[in-house]
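Hi,

Here is the structure I promised to pass on. Have a look at it first, and my notes follow underneath.

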Amino acid sequence: MDACPNCQSDTFIKAGIIKNRQRYKCKSCGYFFTTGKLGKRIDDYYVNKALQLYLEGLTYREIERILGVSHVSIMNWVRKYNIKRPYNTAYHPTYRILNHSELRDYFQKTSNIKGAGVLVTELGDKFMLIKWERFRE
Ligand SMILES: [Zn+2]
C-alpha cells in the first residue's frame, strides 16, 4: 500500500479495521480504502492498543468503538494472551479523542490535569487521552 487508489496521494491514515482488513483514509481527498490482507505489523499494532486499553479498564465495547476492531476479536486476544486485569471496580477511566490543538489547549489548563492521572496515546491522526480521577477527592 503506497498510494490512494482515488488520487494517488501517499498521505493517508489508519481508519479502523473492516472485516479483518486495514482501512485507510486519504488525507488529500478523503477517500476510504482497504488493503488486501492485514499485514503482521498492522495487526500487532491493534492487538497492542486493544490490550493496553483493556488493561486501562475500558470495556470491550468501548475499545471496539475507539479502534474499530470487533469486540469478538478483542475478547479472543485477551484470551489468547491470557491478560488479567487487577480486580478494581472503584474507578473507571474517562477518555477523549482530541486533535493536536485540542490536546494542547487541554494541557494548558492546570485544573484538567491536577489531581488526576493522564495517559496520551496516538490514534491515527488524533490522540486519545485517558484520565483517572482516583486521586481526586
Ligand atoms: Zn486520495
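**What I found**

Let me start with a turn: β2 and β3 form a hairpin with five residues between them, and G30 in that turn has a positive phi of about 80°. Before going on, a word on the source: this is a predicted model, where local features need pLDDT of at least 70, side-chain atom pairs count only at pLDDT 80 or more, and totals for chains, interfaces and linings use all residues. Residues are numbered from 1 along each chain as its sequence is written.

**The overall layout**

The protein chain has five helices and six strands. Read from the N terminus, the elements go β-β-β-α-α-α-β-α-α-β-β. Helices (H or I, at least four residues) and strands (E, at least two) are DSSP runs, numbered from the N terminus. Of the 137 residues of the protein chain, 11% count as buried. Buried here means 20 or more other C-beta atoms within 10 Å of the residue's own; exposed means 12 or fewer, and partly exposed is in between, with C-beta atoms placed from the backbone.

**The β1-β2-β3 sheet**

Back to the hairpin and its surroundings. β1, β2 and β3 make an open sheet of three strands in the order β1-β2-β3, with antiparallel pairing. Why do β1 and β3 each have one side without a neighbour in the sheet? β1 (12-18) and β3 (32-34) stand at the edges with a single partner strand each, so one side of each is left free of a neighbour in the sheet. Neighbouring strands in this sheet are turned by 30° against each other on average, direction ignored. For angles, axes are lines fitted to C-alpha atoms (for helices, over the stretch in contact), and the values run from 0 to 180 degrees between N-to-C directions.

Two strands count as paired if DSSP finds at least two bridges between them. β1 and β2 (residues 21-26) run antiparallel and are joined by five bridges. In that pairing, F12 is opposite C26 and I17 has Q22 as its bridge partner. The hairpin of β1 and β2 has two residues between the strands, and K19 takes a positive phi near 50° there. On the other side, β2 and β3 pair antiparallel over three bridges, with R23 opposite T34.

Strand β2 also has two distinct faces: Q22, Y24 and C26 are on the covered one, while R21, R23 and K25 are on the uncovered one. As background, side chains in a regular strand alternate between the two faces of the sheet.

**The β4-β6-β5 sheet**

The other three strands form an open antiparallel sheet too, in the order β4-β6-β5. Here β4 (94-98) and β5 (117-123) are the edge strands, each with a single partner, so one side of each has no neighbour in the sheet. The twist averages 20° from one strand to the next. Seven bridges pair β5 with β6 (residues 126-132) in the antiparallel sense, and G117 is opposite W132.

**Helices and core**

Which residues make up the largest nonpolar core? There are nine: Y46, A50, L53, Y54, L58, I63, L67, V69 and I74. (A nonpolar core is a set of buried Ala, Val, Leu, Ile, Met, Phe, Trp, Tyr and Cys residues joined through C-beta atoms within 7 Å.) α1 (40-55) and α2 are the elements that give two or more residues to this core, and α1 has the largest share, with four.

The axes of α2 (residues 60-67) and α3 (residues 71-80) come within 9 Å and cross at roughly 115°. Y60, R61, I63 and E64 of α2 make the contact with H71, I74 and M75 of α3. Contact means that the C-beta atoms of two residues, placed from the backbone, lie within 7 Å. I74 touches A50, Y54, Y60, I63, E64 and V69, leaving aside residues up to four places away in sequence.

**Two unusual phi values**

Q8, in the segment before β1, has a positive phi of about 70° although it is not a glycine. Q8 is exposed, with 11 other C-beta atoms within 10 Å. N82, in the loop between α3 and β4, has a positive phi near 55° and is not a glycine either. N82 counts as exposed, with 6 C-beta neighbours inside 10 Å.

Cheers
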